[in-house]
Amino acid sequence: MERRKALLPVLAAIAGNAFWGFSYLFNRVALAETTPELMLAIRFLISFLLMNVPVLLGRQKLRLKGKKVLPLLALAVAEPVCFYSESYGILYTNATFAGVIVAVAPLFAVLLAALVLKEYPSRRQALYCLLPVAGVIIMVLSGKSLGVVTPLGVAFMLLDCVAIAFYRLFNRWSSREFTPFERTYVVLMACTVVFVTAALVSVKGDVTAFAAPLCNPRVMLPVLALCLLCSIGSNMLVNYATGRMSVAKMSVFSALITLCSTFGGVVILGEPFSLAALLGTALIVYGIWQVSRPEPETENV
């Protein structure tokens, strides 16, 4: 029974990050037919409406009264910042450079957890959490050059890394009082407000233009997949796992995002899979396995 309890958060972290990795495929299909602002607005609006169904049916309850809401509010702010900073970072650099920079985000998260939550990784965890980072960098660099990189783009990507690190920190912090459902609900509500507002501004308040993608199945099918698998499924799974393992241990699973997006590109889009990509995959899988292994508290530094 104890072994099963220890295994469930690991499986949730793997599944949650894997879902998010495949989200890039759905994003590519949807963005071929609409703008990022409209796609994000519709995605989070539908996701938030779906999250209200179990609340209205009495299957889930939101118990926020009497709890410290500051960590939860900070979590809700960090998520939209991650989306915006990453988008503009890629705009002013390129996807390759952005992927390399984001690969070091777990190190920011581990550092913040040590400074704020006093969650210190063990010596072995600190060593092996570098392997997935190295694997991601190798995979990203295996087929492309960095290209043009502007100082503004670098600044946005560094902001993205910090935002991701703070998101993981606040997620862990808020998990002490709020359930995975409550955290997911509040994050989706915040993203809905931000991105619906941004989309309405982009179409100058034209509700017809805002609703136009709803009639396009080539937009709605991938968007519904994003809603169910990523916005709801991935968030619920990752939030569950975050409440049961340290930030250092949880952060390393984010390398699965690049692993799964690369796998999807090879299988579905027919992209080449090089020896360097194979090496990167091996580093990611081995690093995650090593960091997820249980160890005595006495090994912590």
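1. Helices here are DSSP runs of H or I with at least four residues, numbered from the N terminus. By that numbering, L229 sits in helix α11. The model is predicted, and the points below should be read with that in mind.

2. Overall make-up. The protein chain has 14 helices and 0 strands. Read along the sequence, the pattern is α-α-α-α-α-α-α-α-α-α-α-α-α-α. The chain counts 301 residues, and 49% of them are buried. About 15100 Å² is exposed, with carbon and sulfur atoms supplying 71% of that area. Take the contacts between residues at least 6 apart in sequence: 91% of them join residues at least 24 apart.

3. Main core. The largest nonpolar core holds 37 residues. Within this core, F44 and V223 touch the most other members. Two or more residues each come from α1 (2-31), α2, α3 (70-92), α8 (151-174), α9 and α11. The largest share, 8 residues, is from α9. Apart from this core lies another one, of 14 residues. C129, F253, A255 and L256 are among the members of that other core.

4. Contacts of V223. Set aside the neighbours within four places in sequence. V223 is then in contact with A30, M39, I42 and R43.

5. T192 and F44. Helix α9 covers residues 180-202 and includes T192. T192 has a relative accessibility of 8%, so this residue counts as buried, the cut-off being under 20%. Beyond four places in sequence, T192 touches F44, L45, F48 and T197. F44 also appears in point 3, as one of the two residues of the largest core that touch the most other members.

6. Aromatic groups. The structure holds 5 aromatic pairs. One aromatic cluster is formed by F48, F181 and Y185. F48 is also one of the residues touched by T192.

7. Salt bridges. Side chains of opposite charge can pair when their charged atoms come close. How many salt bridges does a search of the whole structure find? The search finds 2. Points 8 and 9 take them in turn.

8. R218 with E33. The closest N and O atoms of this salt bridge are 3.7 Å apart. R218 lies in helix α11 and E33 in the loop between α1 and α2, so the pair ties together parts 185 residues apart in sequence. R218 is exposed, with a relative accessible area of 53%. E33 is partly exposed, at 34%.

9. E182 with K67. Here the closest N and O atoms are 3.5 Å apart. E182 belongs to helix α9, while K67 is in the loop between α2 and α3, so this pair ties together parts 115 residues apart in sequence. Is E182 buried or exposed? E182 is buried, with a relative accessible area of 1%. K67, at 25% relative accessibility, counts as partly exposed.

10. Nonpolar surface patch. Which residues make the nonpolar surface patch of about 440 Å²? They are L50, V53, L57, L228 and L229. Helices α2 (36-56) and α11 (217-242) each supply at least two residues of the patch. L229 has a relative accessible area of 33%, so this residue is partly exposed rather than buried. That value also passes the patch cut-off of over 30% relative accessible area.

11. L200. This residue is in helix α9. L200 is partly exposed, with a relative accessible area of 32%. Not counting residues up to four places away in sequence, L200 touches G205 and F210. L200 and E37 are 163 residues apart in sequence, and their C-alpha atoms are 8.7 Å apart in space.

12. T281. Helix α14 spans residues 275-292 and contains T281. T281 has a relative accessible area of 18%; the cut-off for buried is under 20%, so this residue counts as buried. Along the chain, T281 and I138 are 143 residues apart. Their C-alpha atoms are separated by 9.0 Å.

Definitions and conventions
Residues are numbered from 1 along each chain as its sequence is written. This is a predicted model: local features need pLDDT of at least 70, side-chain atom pairs count only at pLDDT 80 or more; totals for chains, interfaces and linings use all residues. Side-chain values use heavy atoms; hydrogens and water are left out. Patches are made of residues with over 30% relative accessible area and no salt bridge: like charges are joined within 9 Å, nonpolar side chains (Val, Leu, Ile, Met, Phe, Trp, Tyr) within 5 Å. Accessible areas come from the Shrake-Rupley method with a 1.4 Å probe; for residues, only the protein chains shown count as cover. A salt bridge is a side-chain nitrogen of Lys or Arg within 4 Å of a carboxyl oxygen of Asp or Glu. Buried means under 20% relative accessible area, exposed over 50%, partly exposed in between (1.4 Å probe, protein chains only). Contact means heavy atoms within 4.5 Å. A nonpolar core is a set of buried Ala, Val, Leu, Ile, Met, Phe, Trp, Tyr and Cys residues joined through side-chain atoms within 4.5 Å. Rings of Phe, Tyr and Trp (its six-membered ring) pair if their centres lie within 6.5 Å; planes under 30 degrees apart count as stacked, over 60 as edge-to-face and the rest as tilted.
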